[in-house]
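Biologist: Could you walk me through this one and show me how each label gets decided?
Modeller: Sure, have a look first.

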Amino acid sequence: MPDPFYITTPIYYVNARPHLGHAYTTIVADVASRFHAMRQEETFFLTGTDEHGDKVVQAAKKENLSPRTYVDKISELFKALWPEMNIKYSHFIRTTDAYHMNLVKQIMQKIYDSGDIYFSEYEGLYCFGCERFYTERELVEGKCPDHETPPEPIKESNYFFKMSRYQDWLIDHIHNHSDFITPKRYKNEVLSFLKDPLEDLCISRPKSRLKWGINLPFDKDYVTYVWFDALLNYVSALGYPDGDRFKTFWPYAQHIIAKDILKPHGIYWPIILKAAGIPVYKKLHVHGYWNVDQSKMSKTIGNVVEPLHLKNIYGLDAFRFFLMRDMTFGLDSNFSEEALIHRINSDLANDLGNLFSRVLAMVHKYFSGVVPDVDAEMEQELELGLKSDALKVIGKFEKHMAKFAFNKAIMVVWEFINHMNKYIDITTPWVLAKKKSSRKQLEVVIYNLMESLRVISGLIYPIMPDTAAAMQKHLGIEPMEQAFHTNTLKTWKTLKPGTQIPKSITLFPRIEYQGDRMSSVEQKDSPADALPVKPEITLDVLNKVDLRVATVLHAEVVPRAKKLLKLDIDMGEKRTIVAGISESYSPEDLEGRQVIVVANLKPAKLMGILSNGMLLAAVEKSGSAVATLDRKIKPGTPLR
Ligand code: MSP
């Protein structure tokens, strides 16, 4: 039996809506978890939300909500987003869950009883944004490096955790376990931090300042510091100490984080585990940051990228593929829609999509869509088998995936795709098809190509599960979990000769990029209850928006776009627009209806269709509602 696999994401703060960065980490965890499931390992994938602390109280206040109502609302946004991204987590933890809160108290008490927690007065520099004290050394020009604001001096009595006692142990542990923290640069960063004496960690907050937290079991006037509470989620979710899941999965724990939270995970967490008498986690995988158009994503700049928006326009698998392909795990990467479109067109539409259509078209043309039988002797004689190449590719792919080198794993598959294209050029099936005498050779060539596509469908499965299933269906395989197991992939000749395959499809249509409209992706899919993020504008700015009444003349679904409808409208003049509303409206619902359109929005191509204007609609989780008028108005009439 292979070892089980336990993978976690950070639990996300509920003071902001989920964005590209959260989606990336969670998709990485999903990809890793699917990959280990392919190897028939028992997997457990944990994600969730971090709901205590001052940040959350402040965010709730801004919304005029109680912390409880507020955390329920935002946590739900995260929970609802992950299935939309095809993320199959095993459990979603909230730090406000009773079982978690009880466990935090239990562990606090245990560490307190063992003498590692003491009470003391402390005067220090506190960043309210980070909810922690800073040492002078950690500040950059006297400011918090994250929030770029000067921390405030505060003096308070608090409980402290004797981290310093475990410093030497941690240094040794890191040296003795070479892949405890990867990539290496982050291991070095932690070791370099540990060169200076560790300060003890303040693990309480007085209730006079913060009530929204887990009570300290040994002092009713204090709550637990949010990081101490949050880190314990990784064990509480498994039912520590006696839960079966804890026993099965904890010895194989692997955490994924970005570089922003390296210190709590690389230093506090192993020390907390050691002090609580829990074995230390196995691996910490640290990735870099996604920047947007070369700058840090921020609400103030207004460049926060919404994952759902990208899914709706480009398709989920293309989005997942881009994230895995365009970031070298560990380094920062830049997100732009141009780069995304380029990846879709070159790697997905051109390379993979074309190869798939090319091979299937030949199966239909030369064998009437039936998987050909192969003459084994002929195959040997030809020495044209792709088998040994395919097996090598699977081996290399597994090696890179296990190391979180996702882009390298993908590159190996794409080299194989190129190799297959060359194989077609060399074997020239169209020439073989001309002569009866070369029929057997043709069968070998086409069968080998189909088998190789089957292998590719399995290798892309963790990254693009829907595309993998579509490919298998079109190769005549009943899509089943088992078809994606690495053992099945390694078994050559699993396609059954004589199977009739369905008509071919275009896996990825090419996308045309026009102008800058596609790059403004912020908040377009915001549900009505989203946090207000748009800046105040003047009437002058509002007047620049040309809103018009339009009548829908004809509507149709845009193929392969999950939500898009193409609408021909009469707006005083005839125009075509594309709207992401097909989940709530069928074309017939809209024909003849009057709608409101932003008429002077720069035209943009969506799924190859030029959209000349934008339909107004309210969008919420359950669907959309198109804005209409309460009586018939002449098409083209402006709205004021
Ligand atoms: N609540 C803490 C984590 C506690 S874990 C015990 C927290 N939450 S967070 O909402 O701020 O999430 C931080 C994490 O979100 C990062 O470590 C990373 O996984 C992800 N990302 C947030 N922004 C990101 C980018 N711009 N790029 C890539 N990942 C990013 O910290």
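## Ligand contacts and salt bridges

Modeller: Let's start where a nitrogen atom of the ligand sits 2.8 Å from a polar backbone atom of Ile-11. Keep in mind that this is a predicted model.

Biologist: What makes the pair at Ile-11 a polar contact?

Modeller: The cut-off for a pair of N or O atoms is 3.5 Å, and the pair at Ile-11 is 2.8 Å apart, so it counts as a polar contact. Ala-258 also passes, with a backbone N or O atom 3.0 Å from an oxygen atom of the ligand.

Biologist: How much of the ligand does the protein cover?

Modeller: It covers 94% of the 670 Å² of accessible area that the ligand has on its own.

Biologist: And what sort of residues make up the shell around the ligand?

Modeller: There are 13 nonpolar, eight polar and two charged ones. Among the elements that each supply at least two residues are helix H1 (20-38) and helix H7 (226-231).

Biologist: Why is the pair Arg-39 and Glu-41 called a salt bridge?

Modeller: Their side chains come to 3.6 Å, N to O. The limit is 4 Å between a side-chain nitrogen of Lys or Arg and a carboxyl oxygen of Asp or Glu, so the pair qualifies. The general idea is that side chains of opposite charge can pair when their charged atoms come close.

Biologist: How do you know whether Arg-39 and Glu-41 are buried or exposed?

Modeller: Buried means under 20% relative accessible area and exposed means over 50%. Glu-41 has 15%, so it is buried, while Arg-39 has 25% and therefore counts as partly exposed. Arg-39 and Glu-41 also belong to a network of salt bridges with Glu-398 and Lys-490.

Biologist: Which residue does Lys-73 form a salt bridge with?

Modeller: Glu-63, and the closest N and O atoms are 2.7 Å apart. Lys-73 is in helix H3 (residues 67-84) and Glu-63 is in the loop between helix H2 (54-62) and H3, so the pair ties together parts ten residues apart in sequence.

Biologist: What about Lys-563 and Glu-583, what makes them a salt bridge?

Modeller: At 3.7 Å, N to O, they are within the 4 Å limit, so the label fits. Lys-563, at 15% relative accessibility, counts as buried. Glu-583, at 53%, counts as exposed.

Biologist: How many salt bridges does a search of the whole structure find?

Modeller: It finds 28.

Notes:
Residues numbered from 1 in each chain as written. Predicted model: local features only at pLDDT ≥ 70, side-chain atom pairs only at ≥ 80, totals over all residues. Heavy atoms only, no water. Polar contact = N/O pair within 3.5 Å; in protein donor to acceptor, adjacent residues only side chain to side chain. Areas by Shrake-Rupley, 256 points an atom, 1.4 Å probe, with all protein chains shown as cover. Helix = DSSP H or I, 4+ residues; strand = E, 2+ residues; numbered from the N terminus. Nonpolar A, V, L, I, M, F, W, Y, C, P; charged D, E, K, R; others polar. Buried < 20%, exposed > 50% of the residue type's maximum accessible area, 1.4 Å probe, protein only.
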